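User: I am new to this structure and would like a close look at one part of it, the sheet and the helices that pack on it. Please go through that part slowly, and then add whatever helps me place it among the other contacts.

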Amino acid sequence: MAKGKVSVYFCNECGYESTKWMGQCPACKEWNTFVEEKVEKKSAKTTREISEVKTYSISEIEDADDERMTGILEFDRVLGGGIVKGSLILVGGDPGIGKSTLLLQMCREMSHADLKLLYVSGEESLRQIKIRANRIGQFTDKLSLLSETNLTLIRGVIEKAKPDVVVVDSIQTMMCEDVSSAPGSVSQVRETTNILMQLAKGLGITIFVVGHVTKEGTVAGPRVLEHMVDTVLYIEGDRYASYRILRSVKNRFGSTNEMGVFEMKGDGLREVLNPSEYMLAGRARDASGSIVTCSVEGTRPMLLELQALVTKSNFGMPRRTAVGIDYNRVNLIMAVLEKRLGMPLSDYDAYVNITGGIKINEPAIDLGLVLAIISSFKNEPIDDKTICFGEVGLSGEVRSVNMALQRVNEAVKLGFRRCILPKVSVEELDKVSGIEIVGVDNLTNLPNIL
């Protein structure tokens, strides 16, 4: 072993570090994920004197009044209004989902805004990037391309050119010469991210970093990677479907609940400015087990179709399947219906689906789930122009949800004529016209309302 180097074991899944090999990772509980890497121990050297370090009072620091727009409205919404100067942003997603395409489209819009951009690719040649750029549209000379994986050379180019925005695609292909391990390893990803963070903060450059994901859907590499960056974005959706969902799971400059919707076309990703209308397109009429509910993502209300299929079970243990909604929530709601309304659902299979491939964890869709199950169980369709939302408790009570007025206004905009919602939320809807408001305080009142 070389002098000054020691063996350290890292978990490939979560980045947990250990001095010895382990069969199971104590952090993420995965088996056979530890790999050995040689790490060189360096003595810390300080080149600056303590007298050179200066502190500033908060009143001396100027406010950030810079324009934050990227030119893509859905992208700006998720980022909290746009990019912030000197921020480090991580973009993750499955292979082929559209990460590189979206960032290249962002470069196109910002190049037309007379901003200087640098696109660094460690996976594609310059000719390949050019082919994709021709498909997206017309670019200006403000965008420069670089095909390189050596971070030392990339750092020199950034310090010399001083662009406004840099895109690094991807972090797993970058290599730091000071680290002896292979590109994509835990040590390389951690050191590379640290250097990019220093460049972003020191030079005031916004840096976008593309990250590969594991089979569980999280960014590959050490968990510290997500802690180091300012913003973490994920692109979701079936690669064979046309829609793409951009979510923010961490954002130091905005909300972490915002969501942007895009549609994949031949010339790239197009914004879906009205997701409610997009998600309800092709909805079946007069079909039992179908109801429209409303979920709020950040500041945006979005209407979704919730479907339920309840059939007599042919097995000793009924089957439950949930797509787009928490499986345990479905079991909980069915237990409440059986206990409070006397519905014999323990002998029935239940299949629940939120159309469009959207995943919703908000409790406001509980009432929609209740109505969809009742409709399918009795084989009686609910009026097409009816919408509902509300949280359901274990005693059958219907609890209030936030932003009730915005949800109802979105329903009025799309032509719905009846809204079933928690009774405690009716008071704040005095000024709403064009829709019938029906308040519910307990599930026992639903049969009379329906």
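Analyst: A good place to begin is helix α9, which lies across β13 (290-297), β14 (300-312), β16, β17 (386-388) and β20 and runs at about 35 degrees to β14. The model is a predicted one, and its local features are given where pLDDT is at least 70.

The strands under this helix belong to an open sheet of seven strands with mixed pairing, and their order is β15-β16-β14-β13-β17-β20-β21. At the two edges stand β15 (320-323) and β21 (436-440), each of which pairs on one side only. Between neighbouring strands of the sheet the turn is 25 degrees on average, with direction ignored. One edge can be followed in detail: strand β20, residues 418-422, pairs with β21 in the parallel sense over five bridges, and within these two strands C419 stands opposite I437 of β21.

A second helix, α8, also packs on the sheet, where it touches β15 and β16 (348-354), and its direction makes about 125 degrees with that of β15. Helices α8 (residues 327-340) and α9 (residues 366-378) pack against each other as well, at an angle of about 60 degrees and with their axes 10 Å apart. Their crossing is right-handed. On the α8 side the residues that meet the partner helix are R329, V330, I333, M334 and L337, while α9 brings D366, L369, V370, I373 and I374. Sorted by class, this contact of α8 with α9 has eight nonpolar residues, two charged ones and no polar ones.

Two other helix pairs can be set beside this one. Helix α2 (residues 99-112) and helix α3 (residues 126-136) have their axes 10 Å apart and pack at an angle of about 65 degrees, which makes α2 roughly perpendicular to α3. The crossing of α2 and α3 is right-handed. S100, T101, L104, Q105 and R108 of α2 make the contact together with I129, R132, A133, R135 and I136 of α3, and the residues of this contact divide into four nonpolar, three polar and three charged.

In the other pair, the axes of helix α4 (residues 151-161) and helix α5 (residues 186-203) come within 11 Å and cross at roughly 5 degrees; the two helices are therefore roughly parallel to each other. From α4 the contact takes L151, R155, I158 and E159, and from α5 it takes T192, I195, L196, Q198, L199 and L203. By class, the contact of α4 with α5 has six nonpolar, two polar and two charged residues.

Some details of rings and backbone complete the view. The structure holds two aromatic pairs. F75 and F208 form an aromatic pair that is tilted, with 6.1 Å from centre to centre and 50 degrees between the planes. Because F75 lies in helix α1 (residues 73-79) and F208 in strand β8 (residues 206-211), the pair ties together parts that are 133 residues apart in sequence. In the backbone, a cis peptide bond joins D169 and S170, with omega at about 5 degrees, and S170 lies in the loop between β7 (165-169) and α5. D114 is not a glycine, yet its phi is positive, at about 65 degrees, and the place of D114 is in the loop between α2 and β5 (117-121).

How values were computed: Residues are numbered from 1 along each chain as its sequence is written. This is a predicted model: local features need pLDDT of at least 70, side-chain atom pairs count only at pLDDT 80 or more; totals for chains, interfaces and linings use all residues. Side-chain values use heavy atoms; hydrogens and water are left out. Axes are lines fitted to C-alpha atoms, for helices over the stretch in contact, and angles run from 0 to 180 degrees between N-to-C directions. Helices (H or I, at least four residues) and strands (E, at least two) are DSSP runs, numbered from the N terminus. A crossing is left-handed if the near helix is turned anticlockwise from the far one by less than a right angle, and right-handed if clockwise. Contact means heavy atoms within 4.5 Å. Ala, Val, Leu, Ile, Met, Phe, Trp, Tyr, Cys and Pro count as nonpolar, Asp, Glu, Lys and Arg as charged, and the others, Gly among them, as polar. Two strands pair if DSSP finds at least two bridges between them. Angles under 35 degrees count as roughly parallel, over 145 as roughly antiparallel, 65 to 115 as roughly perpendicular and the rest as oblique. Rings of Phe, Tyr and Trp (its six-membered ring) pair if their centres lie within 6.5 Å; planes under 30 degrees apart count as stacked, over 60 as edge-to-face and the rest as tilted.
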